[in-house]
Amino acid sequence: MTYRDQYRESVADPEGFWQRQAEAISWYEPPKRILSQDSSGFYRWFVGGKLNTSYLALDYHIEQGRGDATALIYDSPVTGTKEQYSYSELRDAVARFAGALRKLGVEKGDRVVIYLPMIPQAPIAMLACARLGAVHSVVFGGFSPHELAVRIDDAKPKVVVTASCGIEITRIIPYKPMVDEAIEMARHKPDYTVVYQRPQADALLEEGRDRDWDEIVAAADPAGPVPVEATDPLYILYTSGTTGKPKGVVRDNGGHAVAMRYSMEAIYNSAPGDVFWTASDVGWVVGHSYIVYGPLIRGCTTVLYEGKPVKTPDAGAFWRVISEYKVKTFFTSPTAVRAVKKEDPEARLKEFCDISSLQAVFVAGERLDPPTYEWLNDMLPVPVIDHWWQTETGWAIVGNPLGLGLQQTKVGSAGVPSPGYRVRALNEDGEPCAPGQSGNIVIELPLPPGTLPTLWQDDERFRQSYLAAFPGYYLTGDGGYVDEDGYVFIMGRVDDVINVAGHRLSTGEMEEIIGAHPAVAECAVVGLDDELKGQMPVGFVVLKDGVDVPEAQLEQELIARVRKEIGAIASLRQVAVVQKLPKTRSGKILRRTIRTLAAEEDVPVPSTIDDPTSLDELRAAMQKRQMGRYQQAV
Ligand code: COA
Ligand code: AMP
């Protein structure tokens, strides 16, 4: 069936369409209802269905006679390690770790926080939780102890799983001291931490609370898959909102399994046995969906890569992995492509590798800017496909579904809506925008299976953040337009969320941290365009009256604070002191104007501005500090 037919069917008869997709996975009990609303009025898929996600990702394939097929390839240039797990081996490792968790008291519905680098123990721990019906919450390794503590306090895990260290190119980053600090900071105290000791660093274990991964696994009995309700949570994944408190996006078991299987086929054109490589991190939604669950539920071979696009050891890393494992589908981010392009503009390192297995490259995480698209497209003989999605949706809202027949691509557009998504652009009054006219990109309710049913124990925040702005629609937080052919163009966030190197960060959170410094009266953090990372946060601060501190010293203090509170990935590198921030007469900081000033020469003075001279001062500060478009000017 072609894309157009499937799309039409998915919106004309969502229940019929998704019932058919649900029949493609194996349930212990089929759903009693396909789509319904819960007591809070939120839409739920597949009520009454019983299944187990770890069964679908592992045991199911073994039962189909594919136990010897390769499930997971671990490739780690930072440690010089390569390992492979067949489906049977991975199932056994998962079952044993699940048994070990059970011995520590973890049961269905309990939470487990996972703070691990890109090693096989990360997917093993995730799938072990899924096996028990426990809810995992993976925290990206680049986050600080403070961010980990915030997540521990919200998710209230029984167990935290970690490793002795992560490795950033050549730098060993001890994880265990960060976990200790986070637990010290958190109000909620987990019963146990489980530590995987890596040869690169030895973690000190505290008697009683800390358990050694290998020891508890050796003493455990394998655990079988526990049937759960389709609507039971599989995981919580925290993502940046507009405030310091991250949002706990909930993913259920049933809708997620159906969406993962469907998207692997329809969007990525993947079949059992295909090699699928997503060069992301399990700490992000892309890693959850397309390093772990999607490829395994589909019976593919997934590649877990512990390295970078460059420097491990060079910009040929992508081509090497593709050729070594015969990768058919490669998924990466525009930032990673730009990093490769910067170091190897002619992609000469590709010439040493046979990448003939490759059939498509998908990119997401941030806007695929036309120059990056064109470079990759010129370098590779296969389609380069942008697709747009979010932690909240778990799979592509808009893309170019390769499995349904590749559509024409339009450079600058993320593609056409995936089956099940009714994407619209609305103006501030909630009226539909004309084709080509920019507005708020929203999705008509109900969202398809696999998308968030709510936020973890915070229905009200879910309602306020996503449903309140335009009744009947889910607010994506992205701005853009839909053209006359139905192609969607995503132009960037319209809220205080920014995208730095494909990592989603909150400028509001950075402002809270900077604003807490004793010298700072007020501040604004905005994301300015950056050639490599897409966006980079920069700060502008106004000092309290009477404070006299050298700008360079204050800048270093503020950068260090943000790094300590959020983590290394915050990437705040510049903070300038100004006398005044541009504001409206009612006192609202004109953040969009600040961004525009950094990007464009002629910026009209907003009619609502309180003091137009604040713009001149800001421009001078940007020029002096070589920010935004002034980067190359001096
Ligand atoms: N654990 C600990 N620290 C981490 C980390 C992790 N998992 N990931 C990143 N960091 C640290 C980095 O070491 C760096 O620290 P530094 O400031 O001390 O140098 C900092 O966080 C910023 O990292 P990053 O933004 O990744 O910049 P970089 O200069 O180290 O690397 C790229 C640049 C382009 C190579 C890298 O950003 C990259 O690979 N980006 C692609 C990301 C991606 O694929 N995202 C997909 C999401 S869909
Ligand atoms: P995350 O939740 O971390 O996956 O980040 C989601 C946000 O990243 C989206 O709301 C967009 O702002 C941005 N994003 C992701 N993919 C794309 C894309 N293909 N095009 C444009 N923006 C994207």
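# A guided tour, from strand to ligand

Begin by selecting threonine 193, which stands opposite aspartate 210 in E12. The model in your viewer is predicted, and for that reason local features need pLDDT of at least 70 and side-chain atom pairs count only at pLDDT 80 or more, whereas totals for chains, interfaces and linings use all residues. Residues are numbered from 1 along each chain as its sequence is written, chains are lettered from A and ligands numbered from 1 in the order in which they are written, and side-chain values use heavy atoms, with hydrogens and water left out.

**Strand E11 and its partners**

Now widen the selection to strand E11, residues 192-196. Strands (E, at least two residues) and helices (H or I, at least four residues) are DSSP runs, numbered from the N terminus. Are the residues of E11 buried or exposed? Five of the five are buried, so the strand is largely enclosed by the rest of the structure; here buried means under 20% relative accessible area, exposed over 50%, and partly exposed in between, with a 1.4 Å probe and protein chains only. Tyr192, Val194 and Tyr196 point one way from E11, while Thr193 and Val195 point the other way.

Add strand E8 (residues 159-163), which runs parallel to E11 and is joined to it by five bridges; within this pairing, threonine 162 has valine 195 as its bridge partner. Then add strand E12 (residues 210-212), which pairs with E11 in the parallel sense over three bridges. Two strands pair if DSSP finds at least two bridges between them.

**Strand E15**

Select residues 247-252 next, which form strand E15; six of its six residues are buried, so this strand too is largely enclosed by the rest of the structure. Lys247, Val249 and Arg251 lie on one side, with Gly248, Val250 and Asp252 on the other, and both faces are covered. Strand E14 (residues 233-239) pairs with E15 in the antiparallel sense over six bridges, and tyrosine 238 has glycine 248 in E15 as its bridge partner.

**Helix H1**

Move to helix H1 (residues 3-12), where the buried residues are Tyr3, Gln6, Tyr7 and Ser10. Why are they on the same side of H1? They cover an arc of only 100° around the axis, which puts them there; the arc is that of the directions from the helix axis to the C-beta atoms. The face turned away from this buried side carries the exposed residues Arg8 and Ala12. The buried residues pack against helix H2 (14-22), helix H9 (253-266) and strand E22 (416-417), where contact means heavy atoms within 4.5 Å.

**The two ligands**

Which residues come nearest to ligand 2? Of the 15 residues around it (each with a heavy atom within 4 Å), they are His387, Thr391, Asp478, Arg493 and Arg504. An oxygen atom of ligand 2 is 2.7 Å from an N or O atom in the side chain of arginine 493, and a nitrogen atom of ligand 2 is 2.8 Å from an N or O atom in the side chain of aspartate 386. The protein covers 94% of the 490 Å² of accessible area that ligand 2 has on its own, an area that comes from the Shrake-Rupley method with a 1.4 Å probe.

Finally, select ligand 1, where Glu168, Arg171, Ser333, Lys533 and Arg563 come nearest of the 24 residues around it. An oxygen atom of ligand 1 is 2.9 Å from an N or O atom in the side chain of lysine 533. Of the 940 Å² of accessible area that ligand 1 has on its own, the protein covers 82%. Strand E10 (171-174) and helix H12 (334-343) are the elements that give two or more residues to the shell around ligand 1.

Methods
Polar contact = N/O pair within 3.5 Å; in protein donor to acceptor, adjacent residues only side chain to side chain.
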